[in-house]
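Biologist: I am new to this structure and would be grateful for a close look at a single part of the model. Please take one helix and follow it through its surroundings.

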Amino acid sequence: MPPEYCSYGPDFESHCKPWLQKHHPDMHKELRQKQKVDMNDEESREEKRLERPSEPWTIKERLTKFYEKYQPDKIESVPGLLEKYEGKEDKLFAALTKKYGPEPEDPFYAESESEDEMVRDVNELSLSDKKKRRGAAAKKESKGETRVIIHKIKRTKRKAVTTVVGMDTVPGIKLKDVAKVFSKVFAGSSSVKDLPNGNKEIIVQGDHVDDVAALIVEKFSVPGECVFMDLDGEFVPFG
């Protein structure tokens, strides 16, 4: 049996190992090192398998993890939100992801493909598949759905601001122009602010949730069913 294969034979410990140590010490060291690496890889795979949860997050865990990522100060409100949105959890998460960003990844659904499998899948993409993503189809995917969400945020007992998220999903709209209209109509300051998730919001001084919703529908021709008002934690469509 060739020396490089003797470690897999039945007489390795009794015959091959002593012979290798005496006649080929460098090869013996290399084989032992490879064996350690193989064992470490196997242990690592087993640890990852054991770390993966047996079940996906519950709705409560999803919402808690979401607020842990974006708004830790609102974690205490999770039970109340779940009670208020019972049966409408999908709408709640849709509104939250629109304002803040994508949900944290549930470890249960974490990608388990190996690097070789990923490379194989990429190589199997045909030229025709790539062409299908060009042109009108690709533009349609990138266009997205129009969804505008309006919130009231209290600054003090008497002062509040109205925030508008999602106007950048309205085709042909410039946020600065929208802010100017808000400022003129409501006789107060209005500005565009970048959010941590890369989205943008318009901040209007004062409590104008209903009036802002009506103005967006009438002035900017946004369908009422695409405009949502946050009324005490419940997202109500204007239309």
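Modeller: The account below follows helix α5 and then turns to its neighbour α3 and to the largest pocket. The model is a predicted one.

Helix α5 covers residues 89-99. Its buried residues are Leu92, Phe93, Ala95, Leu96 and Lys99. Seen down the axis of α5, these buried residues fall within an arc of 160 degrees, and they therefore line one face of the helix. On the other side of α5, Asp90 and Lys91 are exposed. Just after the helix, Gly101 adopts a positive phi of about 140 degrees.

The buried residues of α5 pack against α3, β1, β2 and β6 (234-237). Of these partners, α3 comprises residues 59-70; at 1.5 Å a residue, its twelve residues should span 16 Å, and the 17 Å between its end C-alpha atoms agrees with this. In α3, the buried residues are Leu63, Thr64, Phe66, Tyr67 and Tyr70. Viewed down the axis of α3, they fall within an arc of 160 degrees, so they line one face of that helix. They pack against α5 and also against α4 (78-84).

Both α3 and α5 supply at least two residues to the lining of the largest pocket, as do other elements, including α4, β1 (148-154) and β2 (160-165). The strand β1 gives the most, with four residues. This pocket has a volume of about 750 Å³ and is lined by 35 residues. Lys99, buried in α5, is among those nearest the pocket's centre, together with Lys74, His151, Lys152 and Asp230. The lining divides into 14 nonpolar, eight polar and 13 charged residues.

Conventions:
Residues are numbered from 1 along each chain as its sequence is written. This is a predicted model: local features need pLDDT of at least 70, side-chain atom pairs count only at pLDDT 80 or more; totals for chains, interfaces and linings use all residues. Side-chain values use heavy atoms; hydrogens and water are left out. The expected span of a helix is 1.5 Å times one less than its number of residues. Buried means under 20% relative accessible area, exposed over 50%, partly exposed in between (1.4 Å probe, protein chains only). The arc is that of the directions from the helix axis to the C-beta atoms. Contact means heavy atoms within 4.5 Å. On a 1 Å grid over the protein atoms alone, a cavity is a set of points where a 1.4 Å probe fits but cannot get out, and a pocket is an open set with protein on both sides within 12 Å along at least five of seven lines; lining residues have an atom within 4 Å of a point. Grid points are joined across faces, edges and corners, and a volume is the space filled by probe spheres set on the points. Ala, Val, Leu, Ile, Met, Phe, Trp, Tyr, Cys and Pro count as nonpolar, Asp, Glu, Lys and Arg as charged, and the others, Gly among them, as polar.
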